[in-house]
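Got your viewer open? Here is a short walk through two spots, with a selection to make at each stop.

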Amino acid sequence: MNGKVVISVAITGSVPQKSHSPAVPITPDEQIESAHAAFEAGAALVHVHVRDEHGAPSSDPERFRRVQEGVVRHCPGMIVQFSTGGRGRGLAERGAMLFLKPDMASLATGSVNFPTSVYENPPDFVEELARAMLGFEIKPEVEVFDAAMLYNATELVKAGLLRAPLHVQFVLGLKNALPARRELLEFLARELDALLPGSTWTAAGIGRHQLTVNRWSLELGGHARTGLEDNLRFDETRLATSNAELVARVATLAVEYGRAPATADEARQLLGLGQASHV
Ligand code: ZN
């Protein structure tokens with residue numbers, strides 16, 4: 001399965017974008033529909049943020065539950081990953097939906113500046129989230145927004161708070177955090193391999209870097225993330241029409257690099273996840 005690439009789709013995100021696109025799914029029904037179209041286009045993993053009825057970031061477990069149930073029902077085996085990310089949510093709220101036991105949840109292992117704010121992840125909070133994920137048997141996706149976070153994750157493995165092999169996502173091209181430089185991605189992937197052999201990784205390129213980072217990941221043997229959370233545009237000329245359109249582009253691109261999109265079952269095997277749950 002070396003040639004298989006797990007395509008993740010980040011369908012919504014937490015930031016009401018400045019140049020909001022009507023393609024971004026907001027309600028749970030829209031999110032389920034968008035995840036389903038992305039699944040059909042080749043995505044095996046859906047990364048989920050939910051919004052309230054005004055489109056603002058929400059922590060409402062009921063909304064997470066509805067999306068999770070819809071994806072499990074309509075996209076057989078698709079990996080459901082909840083975001084524990086910041087914006088507009090207090091620390092206490094960010095893990096409030098983990099009791100729903102999604103397959104995976106994101107876990108940033110340190111703090112960093114975002115374009116206009118601080119993404120705050122104090123050490124005790126990171127440990128608390130990691131412990132909750134262990135308790136609910138949720139596999140974390142370690143979010144690396146800055147190099148220290150990779151080394152912090154290694155320490156968390158030593159402390160028994162994260163279970164190896166890890167799945168790590170490198171986020172590149174976000175203002176004030178890591179730049180989209182290929183040398184940097186190569187370095188990070190090498191370090192991960194040296195420190196935690198057997199780990200898997202993916203990378204997200206933010207904004208106009210999305211496609212470039214997808215290419216690097218495909219070439220370097222990583223997995224790939226796309227979706228409207230990271231980038232609203234298809235190219236310089238127009239907005240993307242859907243999450244599925246962005247997924248289809250990565251699926252097509254994979255072939256150029258001798259890769260093929262992993263099915264949901266293959267993705268579960270690659271990331272060391274159990275069988276899909278059923279509604
Ligand atoms: Zn996210």
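We'll start at a strand and its neighbours, then move on to a pair of helices. Keep in mind that this is a predicted model.

**Stop 1: strand β2**

Select residues 7–10, which make up strand β2, and turn on the side chains. Which way do they point? I7 and V9 go one way, while S8 and A10 go the other. That fits the usual picture: in a regular strand, side chains alternate between the two faces of the sheet. Here, I7, V9, S8 and A10 are all buried.

**Stop 2: the neighbours of β2**

Now add residues 223–226, strand β13. This strand pairs with β2 in the parallel sense, over three bridges. For a landmark, click on I7 and look across to A224, its bridge partner in β13.

Next, bring in strand β3, residues 45–48. β3 and β2 also run parallel, joined by three bridges. To line this pair up, pick V9 and find V46 of β3 opposite.

**Stop 3: helices α6 and α7**

Clear the strands and select 182–195 for α6 and 210–220 for α7. How do the two axes meet? They come within 11 Å and cross at roughly 40 degrees, so α6 and α7 count as oblique to each other. The crossing is right-handed.

Finally, show the residues that make the contact: R182, L185 and E186 on α6, with W216, S217, E219 and L220 on α7. Colour them by type and you get three nonpolar, one polar and three charged.

Definitions and conventions:
Residues numbered from 1 in each chain as written. Predicted model: local features only at pLDDT ≥ 70, side-chain atom pairs only at ≥ 80, totals over all residues. Heavy atoms only, no water. Axes fitted to C-alpha atoms, helices over the stretch in contact; angles between N-to-C directions. Helix = DSSP H or I, 4+ residues; strand = E, 2+ residues; numbered from the N terminus. Parallel < 35°, antiparallel > 145°, perpendicular 65-115°, else oblique. Left-handed = near helix turned anticlockwise from the far one by under 90°. Contact = heavy atoms within 4.5 Å. Nonpolar A, V, L, I, M, F, W, Y, C, P; charged D, E, K, R; others polar. Buried < 20%, exposed > 50% of the residue type's maximum accessible area, 1.4 Å probe, protein only. Pairing = 2+ DSSP bridges.
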